[in-house]
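Please open the model in your viewer and keep the sequence panel beside it, since this tour moves from one selection to the next.

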Amino acid sequence: MHTENYDVIVIGGGAIGLATAYHLGKRKAKTLVLEQFTFANQLGSSAGVSRQFRIPYPDEYMVQMALDSQPYWDELEKTTSTQLLDKVGTLWFGDPNVHSTEGNIAEAEEALKALNVPYTTLTAKEIEEQYHFRNLPDTYTGLFQPDGASINFKATIEALLELCKKEESVQLQENSPVLEIKHIGELFKIITPNGAYITKKLAIIPGPYINSVINLLEFKIEATYWNMSSAYFKKTDPNIQYPTWFVFQNAIGENGNQFYGFPSVDWDHPEYIRVAPDFVINPLDEPSDRTLIPNPQELSYTSEWVQNHMAGLSTEPEYTSTCLIALSKIPNKELLIDFAPGYVPNHKNIVLYATGWAAKFTPFLGKIMSDLALDGHTDFDITPFQLGRKYFKSL
Ligand code: BEZ
């Protein structure tokens, strides 16, 4: 079998894998991206066309990461004629006592204050007057942060693909699931149905398919998988517009009761508003259990919330979508960025990004992952994310 040698093989050609390959290309590293499906597919966590960019987080280091990501988004946006971020702002509102996997409003306010990030606070009444929500309990509070955005994630992936294609040292290979990873001294031999490739370093970034790759290296991360639903409601008032938003509320039985939404955008069902539940009624054990069909009960709770609390929209969704997320046991959906555990041979030459919610950091994570792969370190402090020792388990 013909083999080729690389400095870095990136396993996973989603947004973060491509961003990593682009930065590797800028540093002239001979790079191969292996994508198990086709590029720009809708089978991973990047599916669903839009994502939220936000700065509010309960932890200062996360706020800092969002701030640090901004110049990388600006740089990426300059490379394409398409606007990638529609800066409609972030509206967080709801029960101030609720701590969800997204965080908590009061804690986020403290973190924003500490880092001098501008935001305004809102009462329930002000949220209703200014943002078209209705029937909110008087006890609800809110914050608005103007730098939040709806990310055109399809265009983001396309922009990154174009950049990778222009980098002479980057090769892209789709329909290439990794079947085997062999250790050859200090090198790795990667076997796919389309060929075998030798590399000095590995950057493993397969999104929710993380375990199918790291199992080949005899370890795993415990995760559940969410087939997250999204619903599109037609605007009955064509002039109505929403920011990106998230509502913090206590669960009511199986209804997780937390929802998030987007403005209408010209790149995705333009006359519709997308609203999604941030909970899953039936988590999956394996990515292969996924059906691409949204859970009808999740959709029904979402419609009920829209009917009760949002003005200017139809009562039932006309379109839906799903995306696949791997969630580990790390609290607050935090990211794991680390090297392979010490029991894996040559572990210092294997860098991984696993689980967590990271679309909003995409171009910055590309820089971080490429530096870690090439240099073994990065200027950005990744210690809060170096959770491998705790969450990786030997098989
Ligand atoms: C998203 O952008 O997909 C997202 C936003 C808030 C919560 C969950 C997902």
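**First stop: a sheet of three strands**

Begin by selecting three strands that form an open sheet in the order β3-β8-β4, with antiparallel pairing; helices (H or I, at least four residues) and strands (E, at least two) are DSSP runs, numbered from the N terminus, and two strands pair if DSSP finds at least two bridges between them. At the edges stand β3 (50–53) and β4 (85–86), each of which pairs on one side only. This is a predicted model, in which local features need pLDDT of at least 70 and side-chain atom pairs count only at pLDDT 80 or more, while totals for chains, interfaces and linings use all residues. Residues are numbered from 1 along each chain as its sequence is written, and side-chain values use heavy atoms, with hydrogens and water left out.

Now select β3 together with strand β8 (residues 149–152), and you will find that they pair in the antiparallel sense over four bridges. Within this pair, Q52 stands opposite S150 of β8.

**Helices on this sheet**

Next, show helix α5 (residues 153–166), which lies across β3 and β8 and runs at about 50 degrees to β8; axes here are lines fitted to C-alpha atoms, for helices over the stretch in contact, and angles run from 0 to 180 degrees between N-to-C directions. Then add α2, which lies across β3, β4 and β8 and runs at about 135 degrees to β3.

Keep helix α2 (residues 60–78) selected and add helix α8 (residues 362–375): their axes come within 7 Å and cross at roughly 100 degrees. The helices α2 and α8 are therefore roughly perpendicular to each other, a term that covers angles of 65 to 115 degrees. To see the contact (heavy atoms within 4.5 Å), display M65, D68, S69, Y72, W73 and L76 of α2 with T362, P363, F364, L365, K367 and I368 of α8. The residues of this contact divide into eight nonpolar, two polar and two charged, where Ala, Val, Leu, Ile, Met, Phe, Trp, Tyr, Cys and Pro count as nonpolar, Asp, Glu, Lys and Arg as charged, and the others, Gly among them, as polar.

Is K78, also in helix α2, buried or exposed? At 74% relative accessibility, K78 counts as exposed, since buried means under 20% relative accessible area, exposed over 50%, and partly exposed in between (1.4 Å probe, protein chains only).

**Second stop: a sheet of eight strands**

Move on to an open sheet of eight strands, in the order β6-β7-β5-β15-β16-β17-β14-β18, whose pairing is mixed. Because β6 (120–123) and β18 stand at the edges with a single partner strand each, one side of each is left without a neighbour in the sheet.

At one edge, β6 and strand β7 (residues 141–145) pair in the antiparallel sense over four bridges, and L122 stands opposite G142 of β7. Helix α3 (residues 105–114) packs on the sheet, touching β5 (90–94), β6, β7 and β15 (244–248).

At the other edge, select strand β14 (residues 224–234) and β18, which run antiparallel and are joined by nine bridges; the bridge partner of N227 in β18 is L324. Strand β18 (residues 319–327) is mostly covered, with seven of its nine residues buried.

**Last stop: the whole chain**

Finally, show everything: the chain has nine helices and 21 strands, and 60% of its 395 residues count as buried. Along its principal axes, the C-alpha trace spans about 65 × 45 × 40 Å.

Technical notes
Angles under 35 degrees count as roughly parallel, over 145 as roughly antiparallel, 65 to 115 as roughly perpendicular and the rest as oblique.
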